[in-house]
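Hi,

Here is the structure I promised to pass on. Have a look at it first, and my notes follow underneath.

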Amino acid sequence: MPQVTLTVNGKQHTVEVENRTLLVELLREKLSLTGTHVGCDTSQCGACVVHVDGVSAKSCTMLALQADGTAVITIEGLAAADGTLHPMQEMFREHHALQCGFCTPGMVMSAIDLVNSHPGGLTEKQIREGLEGNLCRCTGYHNIVKAIAAAWPLMHGKAAAA
Amino acid sequence: MPFEGIGASVRRKEDARFLNGRGNYTDDINRPGQLHAYIRRADRPHATIKGIDTSAAAKAPGVVAVFTGADLAADNVGGLPCGWQIHNKDGSPMAEPPHPVLAIGKVRHVGDPVAVVIAETKQAAKDAAEQIVIDYQDLPAAASLRDAIAAGAPTVHDEVPGNICYDWHIGDKAVVDAAFAKAAKVVKLDLTNNRLIPNAMEPRAAVGDYDVNSGDFTLFTTSQNPHVIRLLMGAFVLHIPENRLRVVAPDVGGGFGSKIYHYAEEAIVTWAAGKVRRPVKWTAERTESFMSDAHGRDHVSTAEMALDADGNFLALRISTLANMGAYLSTFAPCIPTYLYATLLAGVYKTPVIYCEVKAVFTNTVPVDAYRGAGRPEATFLIERLVDACAHDTGMDRVAIRRKNFIAADAFPYQTPVALQYDSGNYQATLDACLKAADHAGFEARRSAAVGRGKLRGIGISTYIEACGIAPSAVVGSLGARAGLYECAEIRVHPTGSVTVFTGSHSHGQGHETTFAQLVSAQLGVPMDQVDVVHGDTAKIPFGMGTYGSRSLAVGGSAMVKAMDKVIAKGKKIAAHLMEASVDDIEFKDGKFTVAGTDKSKALAEISLAAYVPHNYPIEELEPGLDETAFYDPKNFTFPAGCHIAEIEIDRDTGVVEVMNFVAVDDVGRVINPMIVEGQVQGGVAQGIGQALLENAVYDKDGQLLSGSMMDYTMPRADNLPNIKVATETTLCTHNPLGVKGCGEVGAIGSPPAIIGAIVDALKDYGVRHIDMPASPQKIWSIIQAGQPRMAAE
């Protein structure tokens with residue numbers, strides 16, 4: 001079987017995979033990183049979003065072999081070593097932006113990329129459109145939108161709006 | 001003051017693990033030596049199985065076993081049981097055809113499981129399943145309600161000619177007909193309540209494990225009620241006694257009703273684990289979810305209201321066809337009867353009501369409770385009919401509601417359809433919602449929209465629902481084959497920390513926080529010293545689980561009852577330690593005090609004495625401080641409220657944008673406002689989804705067309721508005737917390753508000769009603785076809 005070497009959450013792994021193994025299967029089944037979820041078969045729900053070389057990607061739509069040589073960050077790799085949450089995680093908690101928690105890892109990873117890619121600011125409309133690739137069935141998105149808006153100034157080093 | 005501290009928006013205890021990717025969902029669980037199951041399902045709606053050849057699959061790489069319905073039958077595996085029996089108008093029981101775990105003789109819907117492959121890997125199982133050859137003889141399918149009741153319709157079950165599961169009614173038809181005969185006006189409306197597919201984000205999954213040494217089975221499953229699954233699967237399907245079967249529902253990624261039921265896959269992996277003597281795991285692919293999770297709604301109704309000359313409602317007459325799908329799911333029969341027709345009084349004092357319901361088998365996925373379960377169907381029907389009454393009489397939609405509301409001083413109020421409402425104030429929620437939605441300013445906003453080329457409308461829904469299901473004796477008399485109490489065990493540990501064991505199950509509702517808040521407030525123990533355990537039959541006492549917004553009203557009440565026992569025992573211990581009369585001991589803020597003195601003992605001192613009973617009334621009192629209570633509710637609870645939606649329609653595309661949505665709900669006492677608001681927002685999102693986007697579509701031959709998330713429109717962030725939520729409280733009078741329930745109000749109240757707003761926006765096009773979903777195509781066609789009676793400008 002072919003091998004793939006990649007860095008996940010700062011740690012290098014070399015893993016044997018089938019040609020058809022998906023990145024999400026590698027993460028969940030080979031590395032036991034079960035925080036990344038599979039919610040659909042059709043690349044619609046975004047529960048599987050991780051960062052590949054700093055950019056959000058649906059890990060159910062990427063072959064493990066395509067991730068050879070990349071640096072992957074999953075939800076497990078966001079918090080600091082001392083347990084301090086990433087600002088996006090903290091704002092999701094503060095604004096009750098999660099209920100069952102299943103979409104949350106993908107939602108948080110997408111949201112971080114969304115904020116990172118909009119250094120000039122983010123409107124509510126941009127946030128809602130930016131979440132087009134992530135489904136949540138619990139929250140109605142209201143609090144997710146609020147959490148992302150609240151995380152933007154924290155991530156861009158601005159004082160949080162009151 | 002037992003409820004101090006309640007009412008704070010405490011941030012959730014469970015969030016830390018979910019936000020760090022450390023949730024423990026069923027598909028995250030892997031057992032040593034685990035195999036994988038893949039289920040070969042029917043790709044057609046209705047066919048005779050002439051033969052199944054599994055020989056090639058059995059020889060495929062990595063395959064350990066292949067099983068079909070014949071293997072299960074040979075091992076005496078029973079069919080999936082139904083938990084509720086409805087009786088026909090003539091008193092005879094409903095038709096209850098068998099529901100085999102794997103199909104025997106026939107397949108009856110796309111997705112019906114036919115065979116299962118057990119293999120070393122998921123991929124090997126899936127590859128091998130493709131090599132199973134099934135020799136089908138296709139049969140014509142009854143794909144819809146109307147098809148299934150037509151003369152000469154295909155028969156879904158040979159033992160049920162005509163496909164009628166039951167023909168049920170409530171109310172006195174002669175009295176209602178007489179009221180109609182005397183009415184000044186009769187308003188009639190035909191409605192369809194569209195079929196929905198629940199789509200919790202976590203697909204269903206199950207892991208079966210068998211301990212060769214003890215003979216014990218364990219099932220990990222995506223369930224809202226593990227004890228119910230253990231009872232149904234153990235007693236009826238696999239014949240495993242409770243002491244040999246443990247069911248664990250760990251973190252569950254959303255349920256909305258779809259994870260209440262006992263599903264075939266749970267029995268398959270448990271049984272197969274015993275056969276192959278290794279753990280067996282199955283996880284649904286999303287397409288399997290679409291064709292195997294129980295669907296929701298799917299009613300076709302005719303509703304008529306009789307009115308006097310002043311617009312007072314005199315009588316309501318309803319005829320409903322309800323789709324059961326191909327088999328009876330666990331609670332399916334009670335949804336269009338006791339969770340639907342009993343709600344048809346709504347918030348109105350309509351004196352007489354008659355409703356008849358025919359439940360119909362079709363060649364579609366089974367239909368059962370989905371968020372609201374019967375109550376959204378009732379609410380949509382009543383509220384759309386009330387709007388039609390306003391339309392036909394020329395009355396204002398708010399005025400006709402106010403005129404017919406049950407008055408705030410009329411409680412307890414006995415409806416003509418069995419229920420007795422204990423409390424409510426419908427004028428108050430309406431007033432608060434009209435104000436919050438700036439109803440008075442609407443016409444100015446409508447005019448402004450015209451300038452932008454948009455048609456703007458406003459819709460109002462004043463709803464009621466029944467939850468906190470339910471008094472066991474009552475539901476037993478109505479056909480429930482279970483009790484509907486809840487259990488709680490409060491275990492105060494020696495040093496004063498507390499573990500709560502509950503039969504309720506959290507799959508997003510935040511029980512670990514709300515319940516800890518409740519216990520913390522009542523026992524005076526810091527929240528971080530209160531842990532909540534749920535979801536494991538090996539740990540929790542027998543409880544009925546979470547659905548129908550019952551967890552706080554029923555499960556929380558059980559906790560209060562158990563805490564009362566803890567406090568009562570604690571008082572006896574405190575009286576002994578402080579040499580006082582037990583009648584003089586007061587408990588407050590975590591302290592037992594001798595009334596009128598400064599002598600007191602903290603709960604932790606009492607619990608330590610209870611577990612280290614050196615100085616203890618051991619002759620009269622057992623050691624320990626650990627109490628269990630079962631709470632059987634005295635009545636349903638009746639959340640109610642008002643939802644107002646404001647929408648704009650793009651004339652060129654027919655696309656609806658929800659501009660404003662306000663929900664003012666009376667959910668009784670609120671323990672954690674943040675969580676209540678989140679529950680309502682999520683429910684409203686599903687209601688808006690039903691009203692505008694979601695629709696389960698079968699073609700005329702019975703093939704599921706909306707079988708993936710590319711075909712079935714799930715609401716996304718940019719389809720939805722901000723959802724403003726407020727509460728307006730009257731307390732439930734019959735449970736100790738005064739709580740009513742908040743999990744379903746959003747999905748129940750919102751669809752008629754949205755449709756009412758669309759109809760209002762299209763009022764110049766001669767539209768009186770639109771069925772859901774109000775898709776752009778539907779609206780565009782109305783705009784194209786209709787001639788405005790007058791220019792909207």
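When I say two residues are in contact, I mean that their C-beta atoms, placed from the backbone, lie within 7 Å. Also bear in mind that this is a predicted model.

With that in hand, take Ala691(B), which sits in helix 18 (residues 673-693) of chain B. Skipping neighbours within four places in sequence, Ala691(B) is in contact with Ser750(B), Pro751(B), Ile754(B), Ile755(B), Met772(B), Pro773(B) and Ala774(B). Is Ala691(B) buried or exposed? Buried, because 28 other C-beta atoms lie within 10 Å of it and the cut-off for that label is 20 or more. If you want a long-range distance to check, the C-alpha atoms of Ala691(B) and Gln529(B) are 44 Å apart, with their positions 162 residues apart along the chain.

Ala774(B) turns up again around Ile758(B): apart from its neighbours within four places in sequence, Ile758(B) is in contact with Gly457(B), Ile647(B), Ile649(B), Val656(B), Ile770(B), Ala774(B) and Ile779(B). Ile758(B) is also one of the residues with the most contacts inside the largest nonpolar core, a set of 317 residues; Val519(B), Met559(B) and Ile754(B) are also among them. Helix 16 (residues 551-577) of chain B gives this core its largest share, twelve residues.

Helix 16 of chain B also packs with helix 15 (residues 511-523) of chain B: their axes come within 11 Å and cross at roughly 35°. That crossing is right-handed. On the helix 15 side, the residues that meet helix 16 include Phe515(B), Leu518(B) and Val519(B), and their partners include Gly556(B), Met559(B) and Met563(B). By type, the residues of this contact are eight nonpolar, five polar and no charged.

Now for the two chains together. Here 42 residues of chain A are in contact with 42 residues of chain B. On the chain A side, helix 2 (87-94), helix 3 (104-116), helix 4 (124-130) and helix 5 (142-155) each supply at least two residues, and helix 2 gives the most, with four. That side of chain A divides into 19 nonpolar, 15 polar and eight charged residues.

One last spot in chain A: helix 1 (residues 23-30) has Leu23(A), Val24(A), Leu26(A), Leu27(A) and Arg28(A) as its buried residues. They pack against strand 1 (3-8) and strand 2 (11-16) of chain A. After helix 1 comes Ser32(A), with a positive phi near 55°.

Cheers

Conventions
Residues are numbered from 1 along each chain as its sequence is written. Chains are lettered from A and ligands numbered from 1 in the order in which they are written. This is a predicted model: local features need pLDDT of at least 70, side-chain atom pairs count only at pLDDT 80 or more; totals for chains, interfaces and linings use all residues. A nonpolar core is a set of buried Ala, Val, Leu, Ile, Met, Phe, Trp, Tyr and Cys residues joined through C-beta atoms within 7 Å. A residue is buried if 20 or more other C-beta atoms lie within 10 Å of its own, exposed if 12 or fewer, and partly exposed in between; C-beta atoms are placed from the backbone. Ala, Val, Leu, Ile, Met, Phe, Trp, Tyr, Cys and Pro count as nonpolar, Asp, Glu, Lys and Arg as charged, and the others, Gly among them, as polar. Axes are lines fitted to C-alpha atoms, for helices over the stretch in contact, and angles run from 0 to 180 degrees between N-to-C directions. A crossing is left-handed if the near helix is turned anticlockwise from the far one by less than a right angle, and right-handed if clockwise.
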